[in-house]
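Trainee: I have just opened this entry. Can you walk me through it?

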Amino acid sequence: MEDFHIASIIVSTIRNAPVLMFAAMAGLFAERSGVVDIGLEGKILASAFVSAAVAYSTQNPWYGIAAGIAVSVALAMVQAFVAINQKGNQLVCGIAINIAMSGLTFVLAQFFFQQGGRTPDLGGARMADVVLPGTAAMENIPFIGWLYGHVIGNQSVLVYLAFLLVPIVHWTLYHSRFGLRLRACGENPHAADAAGVSVERTRYLAMLVAGVLCSFSGAYLAIVQSGFFLRDMSAGAGYLALTALVFGNWRPLYTVLGCLMFGMFGAIQIQLEGVDLPVVGRIPGSLIQMIPYVVTVVVLAGLMAKSVAPKAIGKPFVKSR
Amino acid sequence: MKKTELPRWATGFVLPILNLLSALVIAGFVIHLLGESPLESLEILVDSAIVNPEGLAYTMFYASTFIFTGLAVSIAMQAGLFNIGAEGQMYVGGLGLTLAMLAFDASLSPWLLIPAGMIGAALFGAAWAFLPGYLQAKRGSHVVVTTIMFNFIAASLMNYLILKMIPVGEQNPASRVFSSAAELPLLTSWFPVLGDTPLNICFLLAIVALVIYGLAVWRSSWGYKLRATGLNAHAAHYAGVKISRTIIVTMLVSGALAGLASVNSILGSTHYLSLNFPAGAGFIGIAIALMGRQNPVGIFLSSVLFGALIQGGFDLSLEKPNIPQETFIFIQGLIILFCGAMEHFYAPALLKLINLTGKKAA
């Protein structure tokens, strides 16, 4: 048990969570407006590839992030078009995007970089961590030095953005006019429509926000956490984010707790690899890989009955005459 | 008279073709961007998958697997369930098949061994679909997310189990090769023109399965309950249909069909269980079910189309390295998008056209 460090679990939890937090916040906007977002996975993957490829070729992570936003928003607009104009099946559309992006990102990565669906290591184009002022001075103070230098400090800008988003999303959802309209469209679009709110416009706006937020998830994955793009690297993060939404009952603060929980499971998972545990012994790596997915099923099975989804979720809005 | 609804031939035939063409046009555009000629690629594809008799046999071989996964997704869709888990169910079904083979392939004759393998595949596939079905019926956990999770779990679990099955002294992550009693009768023994290809009796079994599916869904009381649940669960409930029971049974049947898809892949070709043998056939089943509109003839035609895309795509990727096999995963996604999510995209225009020509005729 000596290899089991609480400190490194905490640090890697904070580093794992933003992928899920951005995606879950994106899903929150989409689903609170009444559009199911199964396509988070595909948007994460697409923005991860595009931001890694652009960051590598321009050697500037910010261009990468900008390109990631563009692609993720474009995909979100396809979803919005299907959900709002076509009144089509939103689940099918999301799955289509996920499958299409899984194929297309590989094809393009292979075409541009010829490394088996991987981009080259970003090296200098990887986003640097922020070193807070005074880190060196506090290094020697026990606990506080570690807390300041390695938990609060020494993180990427995107990590700060992820945690900063939580109060912003909370405020937007519950205290702004847009948030009120958004929730109305997700719960009772006909009432919103009768009150003069354009359901179409609100849902398009919600999908726009979802596209932007989701792109950060992919960008973080590729140009902060890994430093490269790898085929199918999202590995179900989009679905875990959706589960965090269910866990958090579609409320921002609780959803983030769900994301942190999944982030912690990921951190423990890495710690468990190759460690001899008491009683069970060494758990094979392939079984450890299952943990987040099993946890997801357990969470869904245990909480779904208590969790209340937005009422109009997944239903196309047809204006009543 | 002005028509407000499209006639059946238009929704059942013209719209799917227009949707398919849209997906292929976008795919062609991407191939063009990759610096290859779409028309030349299409020519290579058609040549390799349809014109060449051996290629055609391979197309039919892949189609036999896809018919089963397409049926698995379709039957769930009839009950309003979107089963994304055919991939995992087929993978685990392959485990059931393999366990039956490893246990009996030295003792049983082919006449008993192959049915035993099929039962194993169907049972394991159904078992893998049971929990998502149960959770949907009893706990309301959405079957889409749970089946996706079960795909991931199946991949890790099989990874672990297959590593345990590697015979001593072997490196390849696969089980031992089954005895010759487990080989399925090949169709080439009756039609030598097909050449040395793995096309086997699974193709005939798949057609039988299509017929049974058609009869079960449209000509049996169970099928009636199934469709009632899919169309309006509340109304079905008031009519006395046990909704949760129908959901669970449908998922079991769906999983069993997905499990049976492994028979063609394993007993028809490799004769051993290997890592990631479904190779996306379960996801192709989703595209087939949507494109074929869950209709037996539609499922058959879409399966043959996907068989051709896989077979032709393989040869295409050898000739044109810029168009790897993964291109067809992208095309599959496009087909799901156009045939599934935007199926009525061309309906208003088509309706206008029909009304216009109708006026002229009158």
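What follows is a set of questions and answers on a predicted model.

Trainee: What ipTM does the model score?

Mentor: This is a predicted model, and it comes with scores. Its pTM is 0.89. Its ipTM is 0.88.

Trainee: What share of the residues of chain B score a pLDDT of at least 70?

Mentor: Start with the average. Chain B averages a pLDDT of 89. The share of its residues that score at least 70 is 98%.

Trainee: How many helices and strands has chain A?

Mentor: Look along chain A. It has 321 residues. Buried residues make up 50% of them. The count is 14 helices and 2 strands.

Trainee: How does the radius of gyration of chain A compare with the globule rule?

Mentor: The C-alpha trace of chain A spans about 70 × 45 × 45 Å along its principal axes. For 321 residues the globule rule gives 20 Å. Chain A is close to that, so it is as compact as a globular protein of that length. Its radius of gyration is 20 Å.

Trainee: And what is the radius of gyration of chain B?

Mentor: Chain B has 14 helices and 0 strands. Its C-alpha atoms fill a box of roughly 75 × 55 × 35 Å. With 362 residues, a compact globule would be near 21 Å. Chain B agrees, at 21 Å.

Trainee: What percentage of the contacts in chain B, with a separation of 6 or more, comes from residues 24 or more positions apart?

Mentor: Take burial beforehand: 53% of the 362 residues of chain B count as buried. Then take the contacts with a separation of 6 or more. Residues 24 or more positions apart account for 76%.

Trainee: Which helix gives the most to the largest nonpolar core?

Mentor: That core has 222 residues. Those with the most contacts inside it include A:Leu20, A:Phe22 and B:Ile336. The top contributor gives 16 residues and spans residues 53-78. It is helix α3 of chain B.

Trainee: Where does the kink lie in helix α1 of chain A?

Mentor: Helix α1 of chain A covers residues 6-32, and 19 of its 27 residues are buried. After the helix comes A:Gly34, with a positive phi near 105°. The kink is about 35° and lies shortly before the proline A:Pro18. Its place is A:Ala17.

Trainee: Which residues does A:Leu20 touch, beyond those up to four places away in sequence?

Mentor: A:Leu20 is one of the residues with the most contacts inside the largest nonpolar core. Its partners are A:Ala237, A:Leu240, A:Ala241, A:Ala244, A:Cys259, A:Phe262 and A:Gly263.

Trainee: Which helix gives the most to the side of chain A that touches chain B?

Mentor: The contact takes 37 residues from chain A and 38 residues from chain B. In chain A, α4, α11, α13 and α14 each supply at least two residues. One of them supplies 15 residues, the most. That helix is α4(A).

Trainee: How many residues on that side of chain A are nonpolar, polar and charged?

Mentor: Sort the residues that touch chain B by type. The division is 26 nonpolar, 11 polar and no charged.

Trainee: Is B:Ile148 buried or exposed?

Mentor: B:Ile148 is found in helix α6 of chain B. Beyond its neighbours within four places in sequence, it is in contact with A:Tyr239, B:Ile84 and B:Gly85. The cut-off for burial is 20 or more C-beta neighbours within 10 Å. B:Ile148 has 26, so it counts as buried.

Conventions: Residues are numbered from 1 along each chain as its sequence is written. Chains are lettered from A and ligands numbered from 1 in the order in which they are written. This is a predicted model: local features need pLDDT of at least 70, side-chain atom pairs count only at pLDDT 80 or more; totals for chains, interfaces and linings use all residues. A nonpolar core is a set of buried Ala, Val, Leu, Ile, Met, Phe, Trp, Tyr and Cys residues joined through C-beta atoms within 7 Å. A residue is buried if 20 or more other C-beta atoms lie within 10 Å of its own, exposed if 12 or fewer, and partly exposed in between; C-beta atoms are placed from the backbone. Helices (H or I, at least four residues) and strands (E, at least two) are DSSP runs, numbered from the N terminus. Two residues are in contact if their C-beta atoms, placed from the backbone, lie within 7 Å. The bend at a residue is the angle between axes fitted to the seven residues ending there and the seven starting there. Ala, Val, Leu, Ile, Met, Phe, Trp, Tyr, Cys and Pro count as nonpolar, Asp, Glu, Lys and Arg as charged, and the others, Gly among them, as polar. The radius of gyration is taken over C-alpha atoms; the globule rule is 2.2 Å times the number of residues to the power 0.38. pLDDT is the predictor's confidence in each residue, from 0 to 100.
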